[in-house]
Every structure is written in C-alpha cells, then in structure tokens.
Amino acid sequence: MDILYPRCAGLDVHKDSVVAAVRIAAAGAAATDVRTFDTTTRGLLALSGWLSEHGCTHVAMEATGVYWKPVWHILSDGDVTLILANAAHVKNVPGRKTDVADAVWLSDLLAHGLIRASFVPEPATQAMRSLLRTRKPLVREQASHVQRLQKTLEDANIKLSSVLASVVGQSGRDIIKAIIAGESDPDQLLTLVHRGVKTLREKFRAALQGRVTRQHRFLLRLHLRQIDTLEAAILEIDEAVDRDLDPFRQAVRLLRTHPGISDLSGQVVISEIGIDMSRFPTAGHLVSWVGLCPRNDESAGKRRSNRLRKAAPWLKTMLIQCAWAAVRKKGCYYQAQFQRLRHRRGPKKAICAVAASMLTAIYHMLRDGTVYKDLGADHFHRSPEVHAQRLAKQIENLGFTCTIAPGQQAEPVSI
C-alpha cells in the first residue's frame with residue numbers, strides 16, 4: 001500500500017502514561033521508535049518536543065474516555081496534525097494487544113491513511129458543550145429530588161400533587177415550608193395558596209389534611225434544600241453559557257425558527273455539532289454520525305438488524321425531545337410525517353424518523369443560513385391521478401384489466 005505520511009506517530013493514551021510510537025519511512029524498511037511519557041504537563045511537553053525532533057507531521061490517538069483531551073490540548077499547540085480515532089475502528093489483531101503494539105499499530109494505520117478522523121470541535125464549542133453536558137445531569141438530579149419530595153408528601157397523606165400542577169411552584173413551596181416549620185392546620189395552610197390557583201377551596205382543604213411526623217419534616221427540609229441548591233447551580237450554568245454565546249447567538253436564533261426547538265435545545269445542538277457544516281459532506285453524513293439512521297448489518301443477502309447505533313447520546317436524546325414537541329404542532333410537516341409512519345412502523349421508529357428529518361433541516365439551515373420553511377401537512381397527500389394509478393396496478397396484480405379514463409364531475413347531493 002502507498003505511504004501517505006512518511007513521518008507520523010501513534011499514541012496509546014492511558015490515565016498516567018502515554019506510549020508513543022514514531023514511524024519513519026525512509027528508502028528501505030520503516031523504522032519505529034517507541035517511548036513512554038507521563039501524562040503530567042511536563043511529560044506531555046516532553047512528548048511534544050520529542051515528536052518535533054523526529055519531524056512528525058501527523059499524530060493519531062484513540063478516544064479513550066477523557067484521558068485524550070489533555071494530550072490533545074498540549075499537542076495542538078505544535079505544528080502536527082492531530083487525528084482522533086474511534087477505538088472500535090482501529091482494533092488490533094486479537095491476542096497481540098500490548099501498549100507498545102497498540103501504539104505501533106496506530107502509527108502503521110496512520111502512515112497508510114487507514115484511520116478515519118473523528119469530529120473534534122473548536123475550543124469555543126467544546127467549552128459550551130462541557131457546560132451544557134454538566135447541566136443535563138443536574139436537571140435530572142433535581143427532578144429526582146422533586147419526585148422524592150412528592151413521595152414524602154404522599155406518605156404523609158398530603159395530596160399536593162392532586163391539586164397543584166407543580167409541588168415546587170410558588171404555592172407548593174410556601175405550603176411545604178410551613179409544614180416544615182410545624183404548621184399542620186389545613187385552614188392556615190390554605191391561606192398560603194396563590195390566588196391564581198383554580199382548584200376549589202374545599203378540595204384543597206381536604207388535600208392538605210394529613211398526618212405529618214417529625215421524620216416527614218426532616219425529609220421535606222432535606223429534599224427542598226437539595227432542589228434549591230441544584231436550581232442555583234443550573235442558573236449559574238445558564239449565565240455562563242449566555243456570556244460565551246456571542247459566536248453562536250445568531251445560529252441559535254436561526255434554529256429557533258424551527259418547530260420544536262427552544263433556546264436551550266438550540267444551544268445543545270450547536271454545542272454538539274458546531275456551526276461549520278463543511279466537516280459533514282452531506283446531511284446524510286451528519287444523520288449517520290448522530291446515529292439516527294439504520295445500521296448496515298447484512299450477511300448472505302439477509303439484513304439481520306436495523307437498530308440505531310449508540311452514537312452521540314447527548315444530541316440524539318435532545319433531538320428526540322424536540323421531535324416530540326414538533327409533532328404536536330398542528331398542520332405542520334412533522335406531524336403529518338409522524339402520523340404517516342406511526343401506523344406502519346410504530347411510534348418509536350416514527351419519532352426517530354422525524355428527528356432525522358429535523359437534523360437534515362438543521363444541517364441545511366446552518367450551512368446556507370436560511371430560516372425554516374415548513375412543507376405543510378399535505379406534503380404526503382397523493383394527487384388523484386397517482387392514487388388512481390396505484391389502485392389500477394393493484395387490480396392488474398389480481399388478474400383483471402383496468403383502464404383509467406377521466407370522469408365527469410359528480411353533482412353535489414343534498415342530504
């Protein structure tokens with residue numbers, strides 16, 4: 001095979017060490033030099049200098065957890081071209097796996113151009129991605145504490161969830177704080193209900209009559225404090241994202257014109273794929289990278305599986321949520337697409353198809369800088385001629401002869 005990069009290196013990255021193999025192809029056989037460096041800043045700087053001494057132009061490494069990131073950050077300051085490889089794509093021969101063998105194997109694959117580079121966004125996008133990925137588990141943890149708070153109220157037979165849309169809203173918080181303080185009289189608790197609540201007073205008074213113990217008050221105070229702490233942390237993340245959003249603010253506003261996409265979901269999409277769509281040759285490449293298209297699993301002419309790949313979980317889950325919001329908009333293309341596919345493929349596959357269509361639209365919006373234009377709910381409706389031809393073909397398949405001729409307009413009939 002042709003050698004594309006005569007001076008390259010492969011890195012086998014670990015938590016405390018990185019094994020580097022430099023491959024130099026001269027007139028004769030290729031020479032390989034292997035060394036091990038610490039993953040401290042001093043060790044990585046020494047690695048960068050060692051690669052420069054050998055004149056390496058390209059360096060490849062596996063995406064190993066988060067351990068590749070500091071190596072990438074330090075080596076990116078040099079003149080080498082960094083390539084991040086998917087570990088599943090560069091596996092060595094079974095039974096020959098060592099740290100040195102893995103590094104040499106990476107350098108051999110890179111020299112012949114057999115490594116497909118993974119997508120690594122620019123630093124500004126990576127910073128926003130880190131913030132928004134930290135925000136999501138905090139929101140989940142907050143929701144978990146809200147559920148535990150509600151279970152504690154149910155255990156005390158306080159039916160707040162039956163009379164309030166949110167137990168941690170203004171009225172719910174005031175009532176819970178009064179219960180924690182020792183108040184148990186339903187009439188006194190009823191005075192804390194906001195005037196905008198439309199539930200009948202008698203029903204509300206019955207819901208507030210329970211048996212609250214000291215253990216219940218302790219758990220309510222604990223969960224409410226955790227909810228407030230997480231809410232403050234989420235607010236700080238939102239403020240940090242808004243401060244650094246200037247390079248992406250116009251793109252987020254553009255995505256807001258798309259059905260089902262809010263400011264937060266637009267920020268998540270931008271943080272995962274960036275705003276430069278030139279890295280994806282087509283919209284299909286982006287959909288495949290996210291894992292919203294069926295996998296290729298065929299053997300002996302039979303397709304064994306068409307399940308979605310486990311790729312881009314942070315973006316895929318957000319797109320599915322946006323798709324559920326988009327299909328609820330009446331008279332739009334996505335609602336018609338979902339209804340058309342749901343009866344044949346089921347709701348789960350239908351919503352994944354809607355998410356893939358949304359991602360395709362997002363790709364063209366970011367690439368061309370255009371706002372979203374809905375195709376309409378009647379996009380899938382066949383014309384009478386096409387529908388008649390389809391029915392005629394079904395009749396012919398049954399062994400009959402069918403001729404299609406334009407008919408007269410039927411006269412209206414009054415009933």
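Before anything else, a term: a residue is called buried when its relative accessible area is under 20%. Anything over 50% is exposed, and what falls in between is partly exposed. The model I am showing is a predicted one, and these labels come up throughout.

I'll start with two tyrosines. Tyr334 and Tyr372 are both buried by that rule.

To put them in context, the whole structure contains 9 aromatic pairs. One of these joins Phe280 and Trp289: the ring centres are 5.7 Å apart and the planes make an angle of 55 degrees, so this pair is classed as tilted. Phe280 has a relative accessibility of 7%, so that residue counts as buried. Trp289, with 28%, is partly exposed.

Tyr334 and Tyr372 also form an aromatic pair, and theirs is stacked. The distance from centre to centre is 6.0 Å, with 15 degrees between the planes. Where do Tyr334 and Tyr372 lie? Tyr334 is in helix H14, residues 333-345, while Tyr372 is in the loop between H15 and helix H16, so the pair ties together parts that are 38 residues apart in sequence. Both tyrosines also belong to an aromatic cluster, made up of Tyr333, Tyr334, Tyr372 and Phe380.

Now the salt bridges. The count for the model is 15, and I will go through a few of them.

Glu272 forms a salt bridge with Arg129, at 3.7 Å from N to O. Glu272 sits in helix H11, residues 263-273, and Arg129 in helix H4, so this contact ties together parts that are 143 residues apart in sequence. Both ends of the bridge are buried: Glu272 has 4% relative accessibility, and Arg129 has 14%.

Glu272 has another salt bridge, with Arg133, and there the N to O distance is 2.8 Å. This pair again links distant parts of the chain, with Arg133 in helix H4 and Glu272 in helix H11, 139 residues apart. Arg133 is partly exposed, at 27% relative accessible area. Through shared partners, Arg129, Arg133 and Glu272 are joined into one network of salt bridges.

A local example is Arg205 with Glu202, whose closest N and O atoms are 2.8 Å apart. Both residues lie in helix H8, residues 201-207, and are separated by 3 residues, about one turn of the helix. Arg205 is partly exposed, with a relative accessible area of 25%. Glu202 reaches 58% relative accessibility and counts as exposed.

That leaves the pockets. The largest pocket has a volume of about 1300 Å³. It is lined by 34 residues, and those closest to its centre are Leu84, Asn86, Ser118, Phe119 and Trp289. Trp289 is the residue paired with Phe280 in the tilted arrangement I described earlier.

Which elements each supply at least two residues of this lining? They are helix H2 (68-75), strand E5 (81-85), helix H4 (123-155), helix H12 (283-290) and helix H13 (313-326). H4 provides the largest share, with 4 residues. H4 is also the helix that holds Arg129 and Arg133. By residue type, the lining of the largest pocket divides into 18 nonpolar, 9 polar and 7 charged.

The second largest pocket holds about 660 Å³ of space. Of its 19 lining residues, Asn306, Arg307, Leu308, Lys349 and Cys352 are the closest to the centre. Here H13 and helix H15 (347-368) each supply at least two residues, and H15 gives the most, with 6. H13 therefore appears in the linings of both pockets, given the DSSP runs used to define the helices. The lining of this second pocket divides into 10 nonpolar, 1 polar and 8 charged residues.

To recap the points worth checking on the screen: the stacked pair of Tyr334 and Tyr372, the network of Arg129, Arg133 and Glu272, and Trp289, which is among the residues closest to the centre of the largest pocket.

Terms used
Residues are numbered from 1 along each chain as its sequence is written. This is a predicted model: local features need pLDDT of at least 70, side-chain atom pairs count only at pLDDT 80 or more; totals for chains, interfaces and linings use all residues. Side-chain values use heavy atoms; hydrogens and water are left out. On a 1 Å grid over the protein atoms alone, a cavity is a set of points where a 1.4 Å probe fits but cannot get out, and a pocket is an open set with protein on both sides within 12 Å along at least five of seven lines; lining residues have an atom within 4 Å of a point. Grid points are joined across faces, edges and corners, and a volume is the space filled by probe spheres set on the points. Ala, Val, Leu, Ile, Met, Phe, Trp, Tyr, Cys and Pro count as nonpolar, Asp, Glu, Lys and Arg as charged, and the others, Gly among them, as polar. Rings of Phe, Tyr and Trp (its six-membered ring) pair if their centres lie within 6.5 Å; planes under 30 degrees apart count as stacked, over 60 as edge-to-face and the rest as tilted. Buried means under 20% relative accessible area, exposed over 50%, partly exposed in between (1.4 Å probe, protein chains only). A salt bridge is a side-chain nitrogen of Lys or Arg within 4 Å of a carboxyl oxygen of Asp or Glu.
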